[in-house]
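Welcome! Please take a moment to look over the sequence and the 3D view below, and then we can walk through them together.

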Amino acid sequence: YLVERQSPELWAKALADDNQHRRHVIDQVVSTALPESKNADEVTAAVKAFIDADLPNELIELLEKIVLHNSDFSDNRTLQNLLILTAIKADKSRVMDYVHRLDNYDGPEIALIAMRDPYNLYEEAFEIYKKCGMNAEAMDTLLTNLDDDEGSGLERAKDFASRVNEPQVWYKLGAAQLRHGVCAMIPEAIDSYIKAGDATDYMEVIAVAEREECYDDLIKYLRMARTKQKDSYIDSELLYSLAKCDDRMDELEDFLDATNTANVQSVGDRLYEERLYKAAK
């Protein structure tokens with residue numbers, strides 16, 4: 001009768017704190033009355049009544065019964081959204097299970113809410129983005145919120161990039177690895193940039209790689225970069241990097257013989273000042 005009436009006043013009375021039978025009413029509504037309903041208006045009225053009565057845990061019980069147990073409303077987007085959002089606010093331990101079991105919710109919006117204070121559900125947000133195929137956003141979540149001082153987030157990010165193998169994901173990983181700035185990470189950063197096929201950050205890559213004297217890796221990167229962008233600075237730095245490697249003199253000569261836009265005079269002067277006379281010549 002309560003469900004069929006759809007009366008806000010009657011619902012408020014049944015769910016009031018001072019109703020000694022409230023728990024019994026809730027149990028019957030959750031277990032039998034509402035799951036058997038085929039009327040969307042009845043479901044809407046009941047859900048609103050639980051929200052108005054500020055009964056989040058009981059609302060979760062109700063929505064689980066409707067959404068997870070093969071009722072006529074299992075695929076209802078609004079109810080799936082409400083179930084996850086209510087769990088985010090009232091029972092975080094349930095969120096990951098809902099993320100995996102449900103398939104018709106507004107993932108991007110829910111992920112943003114999950115990451116906000118005071119919820120900070122970054123793992124759940126990461127899983128939502130993965131499930132929605134939003135791999136760039138998933139990578140951002142890993143790198144921004146799930147990294148630690150030991151770099152475990154970077155290791156997870158590298159595994160994730162290998163699995164999805166998307167240029168934008170590799171690019172984000174490369175940028176994060178480069179920001180760490182340690183010599184051991186530079187070859188990995190350059191490898192990620194090459195897999196991304198993206199030379200956007202060439203100024204930063206050159207600066208860090210030259211500071212750490214990672215010329216062999218820088219040469220690989222610059223060969224990729226000059227296929228993406230025409231810039232005499234890239235060619236000049238490639239020429240300089242080849243000159244800094246004693247075992248690459250043949251490659252240096254081949255580069256000079258081929259078409260290039262390097263500032264040869266400037267690179268030669270720079271090498272001469274560093275007393276690399278053979279390369280300068």
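## Salt bridges

This predicted model contains 26 salt bridges. One of them joins Glu188 and Lys158, whose closest N and O atoms sit 3.2 Å apart. This pair links distant parts of the chain: Glu188 belongs to helix H13 (residues 186-196) and Lys158 to helix H11 (residues 152-164), with their positions 30 residues apart in sequence. Glu188 is partly exposed at 29% relative accessibility, and Lys158 is also partly exposed, with a value of 25%.

Another bridge ties together the side chains of Asp191 and Lys195, at 3.1 Å from N to O. Both residues are in helix H13 and four residues apart, so about one helical turn separates them. Asp191 is partly exposed, its relative accessible area being 34%, and Lys195 is partly exposed as well, at 45%.

Now turn to Glu237 and Arg270, which form a salt bridge with their closest N and O atoms 3.1 Å apart. Here too the pair connects distant parts of the chain, with Glu237 in helix H16 (residues 232-244) and Arg270 in helix H18 (residues 264-273), 33 residues apart. Is Glu237 buried or exposed? Glu237 is buried because its relative accessible area is 5%, under the 20% cut-off. Arg270, at 27%, is partly exposed. Elsewhere, Arg23, Asp27, Glu58 and Glu61 are linked in a network of salt bridges.

## Overall shape

How many helices and strands does the protein have? There are 19 helices and zero strands. The radius of gyration is 30 Å, well over the 19 Å that the globule rule gives for 281 residues, so the protein is more spread out than a compact globule. You can see this by following the C-alpha trace, which spans about 95 × 30 × 25 Å along its principal axes.

Buried residues account for 45% of the 281 residues. If we take contacts between residues at least 6 apart in sequence, 54% of them join residues at least 24 apart.

## Domains and annotated repeats

The domain assignment divides the protein into domain 1 (1-74), domain 2 (151-228) and domain 3 (230-280). Between the C-alpha centres of domain 1 and domain 2 there is a distance of 54 Å.

An unreviewed UniProt entry carries the annotation "repeat: CHCR" for residues 34-186 and 193-281. Within the span 193-281, helix makes up 72% and strand 0%, and the end C-alpha atoms lie 32 Å apart.

## The nonpolar cores

The largest nonpolar core has 59 residues, and those with the most contacts inside it are Trp11, Phe50 and Leu62. This core draws at least three residues from each of domain 1 (1-74) and domain 2 (151-228). A second, separate core holds 34 residues, including Ala175, Leu178, Val208 and Phe255.

What does Trp11 touch, leaving out residues up to four places away in sequence? Its partners are Leu2, Val3, Gln6, Val29, Ala45, Ala46, Ala49 and Phe50.

## A look at helix H14

Helix H14 covers residues 202-211, and its buried residues include Tyr202, Val205, Ile206, Val208, Ala209 and Glu210. Val208 is also one of the residues in the second core. Which helices do the buried residues of H14 pack against? They pack against helix H12 (167-180), H13, helix H15 (215-228), H16 and H18. Two of these have appeared already: H16 holds Glu237 and H18 holds Arg270, the partners in a salt bridge described above.

Just after H14, Glu213 takes a positive phi of about 60 degrees.

## Back to helix H11

To finish, return to helix H11, where Glu155 is found. Glu155 counts as partly exposed, at 43% relative accessibility. Along the sequence Glu155 and Leu173 are 18 residues apart, while in space their C-alpha atoms are 10.0 Å apart. Helix H11 is also the home of Lys158, the salt-bridge partner of Glu188.

How values were computed. Residues are numbered from 1 along each chain as its sequence is written. This is a predicted model: local features need pLDDT of at least 70, side-chain atom pairs count only at pLDDT 80 or more; totals for chains, interfaces and linings use all residues. Side-chain values use heavy atoms; hydrogens and water are left out. UniProt positions are given in the numbering used here, feature names are shortened, and annotations may be inferred rather than shown by experiment. Helices (H or I, at least four residues) and strands (E, at least two) are DSSP runs, numbered from the N terminus. A salt bridge is a side-chain nitrogen of Lys or Arg within 4 Å of a carboxyl oxygen of Asp or Glu. Buried means under 20% relative accessible area, exposed over 50%, partly exposed in between (1.4 Å probe, protein chains only). Domain bounds come from an automatic or database domain assignment. A nonpolar core is a set of buried Ala, Val, Leu, Ile, Met, Phe, Trp, Tyr and Cys residues joined through side-chain atoms within 4.5 Å. Contact means heavy atoms within 4.5 Å. The radius of gyration is taken over C-alpha atoms; the globule rule is 2.2 Å times the number of residues to the power 0.38.
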